[in-house]
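Biologist: Could you take a close look at one part of this model for me? I would like to hear about the salt bridges, and then about whatever surrounds them.

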Amino acid sequence: MQFHHHGYVSGDPRVQPAAGVGIDRPEELPEHVDVLIVGTGPAGMITAAQLSQFPDVRTRIVERRPGRLEIGQADGIQARSVETFQAFGFAGRITDEAYRITEMAFWKPDPADVSRIHRAARAVDDELGVSEFPHLIVNQARVLDYFAEYMANSPARLKPDYGYEFSGLTVHQGEEYPVEVTLLHTSGELEGRERTVRAKYVLGADGARSRVRQSIGCTMAGDQANHAWGVMDVVAVTDFPDIREKCAIQAESGSILLIPREGGHLFRMYVDLGEAGEDHAVRATTIEQIIEKANEILHPYTLDVRNVAWHSVYEVGHRLTDRFDDVILEDAGSRTPRVFIAGDACHTHSAKAGQGMNVSMQDGFNLGWKLGHVLEGRSPESLLATYSAERQVIAKNLIDFDKEWSSMMAKKPEEFDDPSELEEFYVRTAEFPAGFMTQYTPSLITSGATHQDLATGFPIGKRFRSAHVVRVCDTNPLQLGHQATADGRWRIYVFADAPRAGEQSGVARLADWLTTAAGSPLAAQPAGDQDVWFDVKVVYQQPHTEVDLMAAPAVFRPEVGPFGLHDLNKVYASAPGADIFEERGVSRDGAVVVVRPDQYVSAVLPLDATEELEAFFAPILAAG
């Protein structure tokens, strides 16, 4: 964390100085806003958190509840999400309070007595080491709390406006604030009264029954699996030995997915209730019946539930909208979107793959910086069309995966061709539910793979995978990816060729072009700000003891703050025993890796490909 560049900071450095709309922010919801977000779930809150870093963008987020969420239904936090939390500054704190999954146990009928279950296998949760971050379980409400804290501490001083329910909207094309939104007060002295707000853009993150989705004519298409599950968060006394370990339990009488929760005592059980039936009477299953069924499946072990925090009955459904914005197929290319939907508003699936909250947050992270760039005048409105194009494909892939996983969980042991089929599927597909199979295809913000061989460990379109380096200025060993915060900036990682800092090299020539050329993306930044839109770092091949910090080109030591201080934190060296060039397949001739604000690799280029670098950024930075 860097601070003091504006002068001495004596308080909490996580509280950024208020700026723009954050100065004297009005408590009351204004009549005109740039972005109105409907719903304070994961998708809405991460979008708001990202936009809170854009102090000149007036963002408000409304919620029909009178206050914060107290008990969340989602709880699984995949490693990709923890990577994202790192960018928002709370990965360490939430990891400390969460339950950490390290392996999964598989229980099946005991061959010696099929009326009893026994532990048949275990599987390591991240056998391939696809991330340095863990797989966590923590209440969704706590995730929202951390995003709320981040928003409140950001320059825009953003916080939710509770007690407003979305009623409807109308888009008036051609107006400065074209989206007219009708809200209904749900609490307080004005309860029941309507309120109108005009916005430039609206995001509907208002859940599976989204009214925003309905208002733009999107419909959910898909199917019900006709299988019901009872889910309960409970504390209990039990002799089941793996009660604090994630388990897939398959018995003759049904299945259970057991998820331990944070705090050491609470756990969640998804209990198989069988076929839903045409009358859906299963929805009336009581908590007592769910507990009874759980005991039947767990035999010979017993479960004495002492407290129920939350329970529900749901039927597995897989549904997806045909688009994630208000541009219908006939209008595609002729206008840009004004209304978006995210999270459960556009994709629903079972809870057992632990993907709902995780994919929803990536929806919001994808959209938030794009809205910020367009509204601040950095980028053209065409950038916003990439949101639906990118995220709909990802949601479709998720639903296809979840159909297979949920159907396998519902199978009886005798229905498997191979007794080890479930655990083998879990291990084989581990990278997908961890969030690392997302790969965006070529577009305005993702290049082709012409030069992919220069950095094979940073696949274009996939998330930037961190690796160890040494920061030269203070000799600290660090994770390179952890130095990128959710500040809305593009990252340009320059991996040096063989010459040392200060010698004639490809890095030196590239640095000169970045600093002096009219076509350099850095030239598009506001005058006087050397790294306000771009974070440019260099990684040298030599050990840090052989890198002369002051010989590194000035572009990697930019002036920051009102005092013109030099930022010395952008020059890195290869880490001993963990050479990033070897670990990520980076060419010894050097490479440029361009990473977008939501941490996905946009381009891999040679050090001398300045024309290609200029051509890549030209349409992204053309706001006209």
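Modeller: Happy to; what follows starts with the salt bridges and then moves on to the cores and cavities. Please keep in mind that this is a predicted model.

The structure holds 43 salt bridges. As general background, side chains of opposite charge can pair when their charged atoms come close. Let me walk you through three of the pairs, then a network.

Begin with E27 and K159, whose side chains meet in a salt bridge at 3.0 Å, N to O. This pair links distant parts of the chain, 132 residues apart: E27 sits in the segment before β1 (32-38), while K159 is in the loop between α4 (140-153) and β8 (161-162). How accessible are the two partners? E27 is exposed, with a relative accessible area of 54%, and K159 is partly exposed at 37%.

The next pair is D34 with K200, where the closest N and O atoms of the salt bridge are 3.4 Å apart. Here D34 in strand β1 is linked to K200 in strand β11 (residues 194-204), and the two are 166 residues apart. D34 is buried, as its relative accessible area is 7%, and the cut-off for that word is under 20%.

Then there is R119, which forms a salt bridge with D242; their closest N and O atoms are 2.8 Å apart. R119 lies in strand β6 (residues 113-124) and D242 in the loop between β12 (220-238) and β13 (246-251), so this salt bridge ties together parts that are 123 residues apart in sequence. The two partners have their own accessibility values: R119 is partly exposed, with a relative accessible area of 32%, whereas D242 is buried at 4%.

Beyond single pairs, one network arises from salt bridges that share partners, and it joins D487, R489, R491, D531, D535, K537, D567 and K570. Two of its members, D531 and D567, also turn up among the contacts of V560, alongside H5 and L565, once neighbours within four places in sequence are left aside. V560 belongs to strand β23 (residues 559-560) and counts as buried, with 16% relative accessibility. For a sense of scale, the C-alpha atoms of V560 and S443 are 33 Å apart in space, and these residues are 117 apart in sequence.

Now to the nonpolar side of the picture. The largest nonpolar core has 110 residues, and F147 and F617 touch the most other members. Leaving aside its neighbours within four places in sequence, F617 is in contact with W490, I492, P521, F534 and V594. Apart from that core lies another, of 28 residues, which include I243, L258, M269 and I291.

Finally, the empty space. A search of the whole structure finds three cavities of 30 Å³ or more, and the largest has a volume of about 200 Å³. Its lining has 21 residues, of which F464, G481, H482, A484 and Q599 are the closest to its centre. Both α2 (79-87) and β21 (490-495) supply at least two residues of this lining, with the largest share, four residues, coming from α2. By type, the lining of the largest cavity divides into nine nonpolar, six polar and six charged residues.

The second largest cavity holds about 60 Å³ of space. Its lining consists of V21, R25, P26, V57, R58, T59, R60 and A156, a set that divides into four nonpolar, one polar and three charged residues.

Note on methods. Residues are numbered from 1 along each chain as its sequence is written. This is a predicted model: local features need pLDDT of at least 70, side-chain atom pairs count only at pLDDT 80 or more; totals for chains, interfaces and linings use all residues. Side-chain values use heavy atoms; hydrogens and water are left out. A nonpolar core is a set of buried Ala, Val, Leu, Ile, Met, Phe, Trp, Tyr and Cys residues joined through side-chain atoms within 4.5 Å. Buried means under 20% relative accessible area, exposed over 50%, partly exposed in between (1.4 Å probe, protein chains only). Contact means heavy atoms within 4.5 Å. A salt bridge is a side-chain nitrogen of Lys or Arg within 4 Å of a carboxyl oxygen of Asp or Glu. On a 1 Å grid over the protein atoms alone, a cavity is a set of points where a 1.4 Å probe fits but cannot get out, and a pocket is an open set with protein on both sides within 12 Å along at least five of seven lines; lining residues have an atom within 4 Å of a point. Grid points are joined across faces, edges and corners, and a volume is the space filled by probe spheres set on the points. Ala, Val, Leu, Ile, Met, Phe, Trp, Tyr, Cys and Pro count as nonpolar, Asp, Glu, Lys and Arg as charged, and the others, Gly among them, as polar.
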